[in-house]
Amino acid sequence: MANILLANELDDAIELLIAKRDSSSRSVDLDLGELLGIAAQLRLLPDPEFKATLKRQLLGPTPTPVALPRDVIQPPRQARSGRRDANRDEILPTLFGAGDGTYPVRRGNFAISAAIHVMLIAVVVIGGVWMARQPKIRPHTTSVLLTDIGAYPLPVASEKGGGGGGGGDRDKLSESKGSLPRFAREQITPPAVVVRNEQPKLPEEPTIVGPPELTVPPSSQTGNPISAILGPPSNGTGAGGGIGNGVGGGIGSGDSPGFGPGHGGGTGGGFYRVGGGVSAPRAIYEPDPEYSEEARRAKYQGTVLLWVVVGADGKPRDIHVQRTLGLGLDEKAIAAVEQWRFEPSMKDGHPVAVQVNIEVTFRLY
Amino acid sequence: MKALENEKLTKQNHERLQIEAAQRDTARFAELYENNFERVYAYIARRVGSREAAQDLTADVFHQALANLPRFEWRGLPFIAWLLGIAANLLSDRWQRSVRRQEVVADDLERVGTEDDIEQRAMLYQLVETLPEDQRRVIILRFVAQKSLREIAADLGRSDGAIKQLQLRALQNLRERIRSSHG
């Protein structure tokens, strides 16, 4: 009777054990406890068919699949797949010798691995050497401010040159021939052939703007020295005072209080040039130009010469291409020089606008 | 004491001869397999906690052992140490590869048994083979197939009560044999 009770109690406990439910809270006697301990270890009891099947796989010449009861036997992985056999040479040896002797070692694999490594190292080394010998073409640009333009013969402009001055009092006759008045840094009274105000309240000597050290032959008659009309006296057809057909208080066809065609002060047209008391402007910010994509693709190199006026404020203006290069490099050079800033040229302690040439070199190397 | 050492040496020499024989003829690997199967399985089962995984890994261990047996060098250690080394490597690989490491939770690591525990389990598995056939079948169906008593009774054509008694006697038998093996 006690045996039956023990068998029932044991089976209930095993049922819980197999179902993996906690049976530890139950109070059991020592006898039952020992048996349950054994039962707990039997939960992972290997399948006897598995042991036999594995043995056949290991030792049999051709492992034959064993018909196993589906609900009893879980055959080993090798028996299920049938692909793996005793030859496990595909297993690589472990690193650092931890599995020394555990895994198969194929000398051929080591040779292949070594050969691949040698090839890879060779590719890296040869590639590096080749790259060093075939440097990447990089654009490089340099810009030089040319203050001495003597070596650069500029082409004759199709238009009138700058500088000079002009004037007139809207007479119907062109200005008459005569000599220039005195040059002065500033003009207070414009010159006139026909004086309209005989008695000015503040009489001042008529002058034109230009280098004061420039002297002209004295003459009794003021006028335009290059005029072909000797008389009758006339201030010219221009406006704004002065003599000539231009605008402003100078003499000639320009629009300034100087002499000659064009605009600005001085004579002969144009701006001050470096030299003769005019200091060279000094670039204080000169970003390099970029290379145009077309020129880069075409590997096009060369030099662009720019004609630039550096104003008294240190900013470049009136930029013209004096020697073109093309393929977008002219525009790149202009765009760069437009951003330049200068310490302006000085003349007699005053900043003045000067004309300079800037050479922009585009080079690939 | 000396007798124990002599017995140990004799056992080692015998195992060495078995290994050398198996290296010459793989058919002789059977003895090594039979002698070590339960230990290897117990070692792995204690760590993975699943019969299917333990069987798979045990199969892997013996496949690798057989494949590498020609390169095995006798260094005075028992053959089971080499087999358990392979098993440890495979377990390490398995855990590293496993994305879901549910089998290696902390509880399982704590349950990893000592050498004695593994020996005891291996012996228990071997003792099951020595049980009377009807008791052995009940144990296999109950713990391996995880059938209920009623299902086992139906399979074997016996009553539920008879199966309960067979189960009880089988476990008592195993306990007695374990005790007797411990002296």
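What share of the contacts in chain B with a separation of 6 or more comes from residues 24 or more positions apart? I looked this up before anything else. The share is 62%. I note here that this is a predicted model.

**Entry: chain B**

I went through the elements of chain B next. I found 9 helices and 0 strands. From the N terminus on, they run α-α-α-α-α-α-α-α-α. I then checked burial. Chain B has 183 residues, and 48% of them are buried.

**Entry: chain A**

I put the same queries to chain A. Here I found 7 helices and 12 strands. Chain A has 365 residues, of which 37% count as buried. For contacts with a separation of 6 or more in chain A, residues 24 or more positions apart supply 71%.

**Entry: where the chains meet**

How many residues does each chain bring to the contact? I counted 52 from chain A and 59 from chain B. The area buried between the two chains is about 5100 Å². Carbon and sulfur atoms give 58% of that area. On the chain A side, I looked for the residues that lose the most area to chain B. They are A:Q41, A:L44 and A:K51, which together make up 14% of what that side buries.

I turned to the polar side of the interface. The rule finds 7 salt bridges across the interface of chain A and chain B. I picked out B:E34 and A:K55, whose side chains meet in a salt bridge at 2.8 Å, N to O. I also looked up polar contacts across this interface, and 16 residue pairs came up, both residues at pLDDT 80 or more.

Which elements of chain A give two or more residues to the side that touches chain B? I listed α1 (2-18), α2 (30-42), α3 (48-59) and α4 (77-81) of chain A. The largest share of that side comes from α1(A), with 10 residues.

**Entry: aromatic rings**

I searched all chains for aromatic pairs and got 12. I took A:W340 and A:F342 as one example. Their ring centres are 5.9 Å apart and their planes stand at 45°, so I logged the pair as tilted. Are these two rings buried or exposed? A:W340 has a relative accessible area of 0%, so it is buried. A:F342 is buried as well, with a relative accessible area of 4%.

My next pair was B:F37 and B:F62. The ring centres lie 6.3 Å apart and the planes are at 25°, so this pair is stacked. The cut-off behind that call is planes under 30 degrees apart. I checked where the two residues sit. B:F37 is in helix α2 (residues 29-48) of chain B, and B:F62 is in helix α3 (residues 51-68) of chain B. They are 25 residues apart, and the pair links distant parts of the chain. Both B:F37 and B:F62 are buried.

I followed the ring pairs outward from there. They link A:F50, B:F29, B:Y33, B:F37, B:Y41, B:F62 and B:Y125 into a cluster. I noted that this cluster includes A:F50 from chain A along with residues of chain B.

**Entry: a charge over a ring**

Which residue has its charged end over the ring of B:Y43? I found B:R47 there, with its charged end 3.8 Å from the ring centre.

Notes:
Residues are numbered from 1 along each chain as its sequence is written. Chains are lettered from A and ligands numbered from 1 in the order in which they are written. This is a predicted model: local features need pLDDT of at least 70, side-chain atom pairs count only at pLDDT 80 or more; totals for chains, interfaces and linings use all residues. Side-chain values use heavy atoms; hydrogens and water are left out. Rings of Phe, Tyr and Trp (its six-membered ring) pair if their centres lie within 6.5 Å; planes under 30 degrees apart count as stacked, over 60 as edge-to-face and the rest as tilted. Buried means under 20% relative accessible area, exposed over 50%, partly exposed in between (1.4 Å probe, protein chains only). Helices (H or I, at least four residues) and strands (E, at least two) are DSSP runs, numbered from the N terminus. A charge sits over a ring if NZ of Lys or CZ of Arg is within 6 Å of the ring centre and within 35 degrees of the ring normal. Contact means heavy atoms within 4.5 Å. Buried area is the accessible area (1.4 Å probe) that two parts lose on being put together, summed over both. A salt bridge is a side-chain nitrogen of Lys or Arg within 4 Å of a carboxyl oxygen of Asp or Glu. A polar contact is a pair of N or O atoms within 3.5 Å; within protein, one must be able to donate a hydrogen and the other to accept it, and residues adjacent in sequence count only if both atoms are side-chain atoms.
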